[in-house]
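Here's a quick briefing on how the pieces of this model fit together. Have a look at the structure first, then read on for the interfaces.

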Number of protein chains: 2
Amino acid sequence: MNLSNLPCPIPTSKYPAVTLAHGGGGLLMHNLIDQMFTPAFNTTHIQTNQKSQSGGHDSAILFPRPGPLAITTDSFVVRPLFFPGGDIGSLAVHGTVNDLAMSGALPRWLSVSFVLEEGLPMDVLWKIVCSLTKAAIEAQVEIVTGDTKVVERGRGDGIFINTTGLGEIHHQLLIHPSRISPNDAILLSGDIGRHGIAVMASREGLVFETTIESDSASLVDPILGLIRSGIEIHCLRDCTRGGLISTLNELAISSNLTCQIQESSIPVLPQVHGACEMLGLDPMSVANEGRFVAVLPANQVDAALKILRTYPVSQGACLIGSVTPKDLAPVFVKNSYGTSRIASMLSGEQLPRIC
Amino acid sequence: MNLSNLPCPIPTSKYPAVTLAHGGGGLLMHNLIDQMFTPAFNTTHIQTNQKSQSGGHDSAILFPRPGPLAITTDSFVVRPLFFPGGDIGSLAVHGTVNDLAMSGALPRWLSVSFVLEEGLPMDVLWKIVCSLTKAAIEAQVEIVTGDTKVVERGRGDGIFINTTGLGEIHHQLLIHPSRISPNDAILLSGDIGRHGIAVMASREGLVFETTIESDSASLVDPILGLIRSGIEIHCLRDCTRGGLISTLNELAISSNLTCQIQESSIPVLPQVHGACEMLGLDPMSVANEGRFVAVLPANQVDAALKILRTYPVSQGACLIGSVTPKDLAPVFVKNSYGTSRIASMLSGEQLPRIC
């Protein structure tokens with residue numbers, strides 16, 4: 001079922017926009033939940049014979065397989081709410097299932113909590129709910145519980161979404177920065193910088209020759225593909241806020257080693273390059289929402305790349321560098337002339353509110 | 001350790017307030033996490049030999065006992081951030097552990113996600129983190145993962161907090177509206193209306209003869225006490241947004257039965273009564289954050305009340321009515337003259353942003 005073909009289930013002639021009363025615990029809030037959120041989110045329920053939903057109760061009850069669980073949480077405040085290649089709804093799913101996947105977990109359940117600003121058009125809310133639901137169905141993750149709050153006009157910014165995800169760990173690998181070793185190879189799953197530039201361009205009204213679309217996507221399938229094929233993954237990390245450089249710095253600092261990467265091996269679309277030059281940004285520090293780094297033994301690079309390239313979301317996977325014993329800095333980038341420079345984490349941010 | 005005796009770990013002379021860069025994924029964000037959030041939240045970790053923390057990774061790994069888990073999520077937008085008897089930090093713990101307790105679950109793990117407004121004073125953030133941590137330690141729930149976002153000045157309201165909680169279910173009871181039966185007794189755990197009035201008075205600068213303190217508190221202990229004593233609980237619900245009347249309407253509608261309650265049996269402090277009269281509010285529709293309704297077989301009332309009254313948070317527990325077959329309305333309130341009136345759920349809310 002494609003929800004977005006359905007009209008907004010709250011009559012917009014009567015309630016064109018969210019009011020404070022929609023968060024007040026009374027009839028209007030119950031109507032919003034019963035008529036919009038619950039029917040949409042229930043379409044994500046895969047195991048219809050499992051009581052994995054709250055059914056009008058304060059908590060949802062889950063029946064995980066015995067074993068370890070991964071948990072992660074993310075609040076999404078992206079501005080604007082819609083951008084080429086995605087919106088805050090799909091992003092709120094991708095961001096959280098990707099964090100679970102980076103622990104090698106199979107994402108199973110999501111909670112969704114909204115902070116709405118009074119005046120948010122009801123059909124915008126519906127569009128976001130549809131997109132969020134669609135992304136959850138694609139990532140095979142069930143939305144099992146939620147919450148709705150409304151703040152006064154001028155005290156929020158349309159909509160903020162928190163998703164918290166739970167995943168099951170079905171393998172014996174320890175995927176963690178502590179597993180990274182000298183001589184490990186560093187793979188990148190595709191071209192970088194598109195999400196940050198797409199959001200920025202959309203927010204600032206910048207027009208490029210070709211539209212740059214966000215890379216926002218679920219990374220669950222390629223990660224599970226690597227695990228199922230027995231690739232001995234040492235560590236995974238998606239390159240979100242702070243971009244590739246922040247990710248590599250985090251991994252190097254956590255593992256007390258150094259990452260050495262080749263600038264020329266890092267794929268960047270020409271239009272992203274152009275936009276970054278114009279805006280004075282380094283594409284390696286621009287946020288992505290569908291790209292990750294995998295650190296693994298050098299002898300498994302070919303097998304891993306072969307697997308990754310079978311998935312559309314990671315068809316651009318490539319080797320970008322390797323791990324060495326701790327050097328003078330956490331991350332070095334070697335350019336095509338053979339000169340190395342230190343690539344430090346930025347102190348603040350280049351682009352605010354990109355997720 | 002009492003964190004609040006410690007000075008703010010971020011030097012306020014250099015960073016007097018939260019900046020956009022504190023949410024940008026760079027050094028400043030990592031400093032905020034590493035110097036303030038992680039050390040504080042790690043003090044909640046009970047099982048030091050279990051890896052229930054993320055340790056610089058995208059997800060935390062949990063090792064629950066095999067069996068069902070309860071999950072619940074809540075975003076907190078209370079205004080003002082501090083009020084008599086509590087603040088947004090302690091409230092963010094109580095609200096979520098109480099929702100878990102209402103499913104009969106033992107709260108175990110919390111995620112905490114902040115949406116901060118640029119300009120939030122750093123020492124206010126620290127005060128909230130200390131209060132949140134203290135409440136988590138008291139409720140014996142471990143904070144295992146988190147997220148931080150910052151929005152521009154005027155696009156948020158100081159701080160919003162999402163907490164998502166996970167609890168283990170260690171008993172065979174089914175605590176659910178579907179279990180409510182005609183002739184069941186309805187117990188209330190104490191006097192009502194204090195949280196809503198405390199927040200409202202604090203926000204509007206109302207001064208009463210005596211300060212009205214919020215009832216915000218963890219309800220975990222009395223619920224576990226009932227379960228451990230073998231009381232056959234049919235349903236539990238905390239009386240938050242919409243107050244007692246909304247709670248009873250929800251339970252009656254979910255179970256397709258009717259709740260009949262005695263107005264004279266419902267405890268309301270005189271100063272809360274006075275404030276409600278002045279403000280034109282019905283105390284039965286005012287929010288609480290430390291009060292619950294328990295529905296159970298009539299023959300277990302005495303035993304249940306005896307147990308509840310041994311806990312400070314439910315020492316005012318009392319019998320307020322009973323369940324009947326479905327009548328003309330979900331909830332009837334009988335006054336001291338013997339006249340019954342229908343008590344409907346409000347359409348919107350009396351008091352916005354009380355949680």
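Buried area here is the accessible area (1.4 Å probe) that two parts lose on being put together, summed over both. Keep in mind that this is a predicted model. With that in hand, chain A and chain B bury about 6100 Å² between them, and carbon and sulfur atoms give 53% of it. Inside chain A, domain 1 and domain 2 bury about 1700 Å².

**How the two chains are related**
- A turn of 180 degrees, with a shift of 0.0 Å along the axis, lays chain A on chain B with an RMSD of 0.0 Å.
- The two copies are therefore related as by a two-fold rotation axis.
- In chain A, A:Gly156 has the C-alpha nearest that axis, 2.1 Å from it.
- Both copies use the same surface, as 100% of the contact residues of chain A recur in chain B.

**The chain A–chain B interface**
- On the residue level, 81 residues of chain A are in contact with 81 residues of chain B.
- The rule finds 10 salt bridges across this interface.
- A:Asp74 and B:Lys149 have side chains that meet in a salt bridge, at 3.2 Å from N to O.
- Polar contacts between chain A and chain B come to 35 residue pairs (both at pLDDT 80 or more).
- Strand β6 (residues 142-151) of chain A supplies the largest share of the side that touches chain B, with 8 residues.
- Sorted by class, that side of chain A has 35 nonpolar, 30 polar and 16 charged residues.

**The two domains of chain A**
- The domain assignment splits chain A into domain 1 (3-48 + 64-168) and domain 2 (177-342).
- Taken over C-alpha atoms, the centres of the two domains of chain A are 28 Å apart.
- Domain 1 of chain A puts 20 residues into the contact, and domain 2 of chain A puts in 22 residues.

**The domain 1–domain 2 interface in chain A**
- Carbon and sulfur atoms give 63% of the area buried between these domains.
- A:Pro84, A:Asn98 and A:Met102 supply 34% of what domain 1 buries against domain 2, more than any other three residues.
- The rule finds 0 salt bridges across this domain interface, while 7 residue pairs are in polar contact (both at pLDDT 80 or more).
- On the domain 1 side, β3 (82-83), α2 (88-101) and β5 (106-117) of chain A each give two or more residues.
- Of the elements on that side, α2(A) gives the most, with 7 residues.
- The domain 1 side has 13 nonpolar, 5 polar and 2 charged residues.

Methods. Residues are numbered from 1 along each chain as its sequence is written. Chains are lettered from A and ligands numbered from 1 in the order in which they are written. This is a predicted model: local features need pLDDT of at least 70, side-chain atom pairs count only at pLDDT 80 or more; totals for chains, interfaces and linings use all residues. Side-chain values use heavy atoms; hydrogens and water are left out. Domain bounds come from an automatic or database domain assignment. Contact means heavy atoms within 4.5 Å. A salt bridge is a side-chain nitrogen of Lys or Arg within 4 Å of a carboxyl oxygen of Asp or Glu. A polar contact is a pair of N or O atoms within 3.5 Å; within protein, one must be able to donate a hydrogen and the other to accept it, and residues adjacent in sequence count only if both atoms are side-chain atoms. Helices (H or I, at least four residues) and strands (E, at least two) are DSSP runs, numbered from the N terminus. Ala, Val, Leu, Ile, Met, Phe, Trp, Tyr, Cys and Pro count as nonpolar, Asp, Glu, Lys and Arg as charged, and the others, Gly among them, as polar. Copies are superposed by least squares on the C-alpha atoms of residues with pLDDT of at least 70 in both.
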